[in-house]
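User: I should like to learn how to read individual features from a structural model. Could we work through one together, beginning with a single residue and ending with the whole chain?

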Amino acid sequence: MVRRKPKLEGRPVKVAVIGTGYVGLVTGTCLAEIGSEVICLDMDEEKVRRINSGMATIYEKGLQDLLTKNIGTRLQATTDPSLALSSADISIIAVGTPFDGESIDLEQIKSAAHTIGEFLGSTENYHVVIVKSTVIPGTTESVVRSTLEAVSGKKAGRDFGLAMNPEFLREGVAIQDFMEPDRIVIGGIDNNSLDKVEQLYQSFEQQGIPIIRTSCSTAEMIKYANNSLFATLISFSNEIGNLCARLPGIDVLDVMAGVHMDKRLSPRQQDGTIIRPNLLSYLASGCGFGGSCFPKDVKALSAQAHQLGLNPQLLDSVITLNADQVKEIIRLTEQKINLSKGRRVTILGLAFKPDTDDIRESPAIGIIEELLKKECSITAYDPMAMPEFRHKYADWAVEYSYDLEGAIDQAEIIIIVTCWDSFEPLPNLLKDSPHRPIFVDCRRMFNRSEIENYIGVGINSNFESLN
């Protein structure tokens, strides 16, 4: 039987987004903002209730405003698969793919594909399934395709379309990244699938945003290569910083400032203006990378390489260096003060980066674990991430402060883990402190001349400024 393949021009594309986690909710909300009609599907009734009442279930800069603007018009949420899928032209799989230590867990992917497959088996309309979740190369055309075909009894490419459309959303600026993309990558099993997905992004294409059309496996690899590159830059910078911290008279900030000026990194325009690309922010020493993407994706790509008989030395080193960076923070601190039982330590920042409440793989976790082993007395403060951290680590002996001043009041050691803008008053607050705490700046957020007893990543703590 020939399936009806309706032309979508002249009416909004109708989209079902499977999963309302970070990627799903941001994607669904932004698609609604650019004109699609979106229904988000999630089995968590409380999440669905909150979304439909106009409440964002995650913190992401700008998300609440867009959700409030679009909910009830072009955007809604449901726990009912038939409601979400029955009128959809496109379904987007945006569920979690956690790494279990050996491979990514595809159970949520399989479950979503099974749900969509049941719908495909009951409709005569041509429908395109998009995988947006990050999956290892080959997953879309093997696991997802086989599940869809087995459950629906239909054939991909003939009866329905299949594509892979990776996301490149940086937490904290995800709305901006979606609305102002640098490129859109679409992998598809055939031109019809590619065409339908490209139509979803036609407003960006009209703005001249490059659209890369490729295979599903290539699209999957682009996402992994992209994240692994930036993770590598971070670990490289940390290794250079750790070396600088063991040598007198060298500050990694000065070293990297010199490296950044290389014209291959900071090109000069004809009028002499220097372009400072965002890439440079990854060439900076700190306490390591975290979040839902970099750690998981590098480990997953490395695991796949090992399964194929390769020895991915660079990827494995990136992972090891990142894990070891916590030890460097502890080492730098103990150069100045002994981390002993009862020592009062304040951790500022629990989210893995500012402007998000995401604590997944946050460097704060490893630092606090080490401090707990030493039986330190720990106080923590983060303007957004405390509820989630407190919930996830409810059995940890950590006190939580709900303002910056209270967090540092009795501290003997202050460790900056996340560079929130709200921490900028710290130099002035510490000027009048009678405790003269040791200040460990894991992100080099402050000038060392501003704060007494300053320790920074990438600088020998015994080195005095010549200025």
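User: Where is Ala411 placed with respect to helix 16 and strand 12?

Analyst: The model is a predicted one. In it, Ala411 occupies the loop that links helix 16 (404–408) to strand 12.

User: Is Ala411 buried or exposed, and what does Ala411 touch beyond its neighbours in sequence?

Analyst: Burial is read from the relative accessible area, with buried meaning under 20%. Ala411 has a value of 2% and is therefore buried. When residues up to four places away in sequence are not counted, Ala411 touches Arg344, Thr346, His435 and Pro437. Sequence distance and spatial distance should be read together: Ala411 and Ile347 are 64 residues apart in sequence, while their C-alpha atoms lie 9.6 Å apart.

User: Which way do the side chains of strand 12 point?

Analyst: In strand 12 (residues 413–416), Ile413 and Ile415 point one way, and Ile414 and Ile416 point the other way. These four isoleucines are all buried.

User: Which strands are joined to strand 12, and how do they run?

Analyst: Strand pairing is read from bridges. Strand 9 (residues 344–348) is joined to strand 12 by 4 bridges, and the two run parallel. Val345 has Ile413 as its bridge partner in strand 12. Strand 13 (residues 438–441) is also joined to strand 12 by 4 bridges, again in parallel. There, Ile416 stands opposite Asp441 of strand 13.

User: How should a positive phi be read, and which residue in the loop after strand 9 has one?

Analyst: Most residues other than glycine have a negative phi, so a positive value deserves attention. Glu361 is not a glycine, yet its phi is positive, at about 60°. Glu361 lies in the loop between strand 9 and helix 14 (363–373), and is partly exposed at 43% relative accessible area. Arg436 is a further case, with a positive phi of about 50° although it is not a glycine. Arg436 belongs to the loop between helix 17 (426–431) and strand 13, and its relative accessibility of 48% makes it partly exposed.

User: Let us turn to another part of the chain. What surrounds Ala77?

Analyst: Ala77 sits in strand 3 (residues 75–78) and is buried, at 5% relative accessible area. Leaving aside neighbours within four places in sequence, its contacts are Cys40, Val48, Ile51 and Asn52. Ala77 and Ile39 are 38 residues apart along the chain, with 5.3 Å between their C-alpha atoms.

User: What is the setting of Asn70?

Analyst: Asn70 is part of helix 3 (residues 63–70). Its relative accessibility is 1%, so Asn70 counts as buried. Beyond residues up to four places away in sequence, Asn70 touches Thr29, Ala32, Glu33 and Leu75.

User: What do the overall values say about the chain as a whole?

Analyst: The chain has 17 helices and 14 strands. Its radius of gyration is 24 Å, close to the 23 Å given by the globule rule for 467 residues, so the chain is as compact as a globular protein of that length. The C-alpha trace spans about 80 × 50 × 50 Å along its principal axes. Of the 467 residues, 52% are buried.

User: How is long-range contact expressed here, and what is known of surface and charge?

Analyst: Among contacts with a separation of 6 or more, 71% join residues 24 or more positions apart. The chain exposes about 20,900 Å², of which carbon and sulfur atoms supply 50%. For charge, the mean positions of the 47 positive and 62 negative charges are 3 Å apart.

How values were computed:
Residues are numbered from 1 along each chain as its sequence is written. This is a predicted model: local features need pLDDT of at least 70, side-chain atom pairs count only at pLDDT 80 or more; totals for chains, interfaces and linings use all residues. Side-chain values use heavy atoms; hydrogens and water are left out. The radius of gyration is taken over C-alpha atoms; the globule rule is 2.2 Å times the number of residues to the power 0.38. Buried means under 20% relative accessible area, exposed over 50%, partly exposed in between (1.4 Å probe, protein chains only). Contact means heavy atoms within 4.5 Å. Accessible areas come from the Shrake-Rupley method with a 1.4 Å probe; for residues, only the protein chains shown count as cover. Lys and Arg count as positive and Asp and Glu as negative; His and the chain ends are not counted. The place of a charge is taken as NZ of Lys, CZ of Arg, CG of Asp or CD of Glu. Two strands pair if DSSP finds at least two bridges between them.
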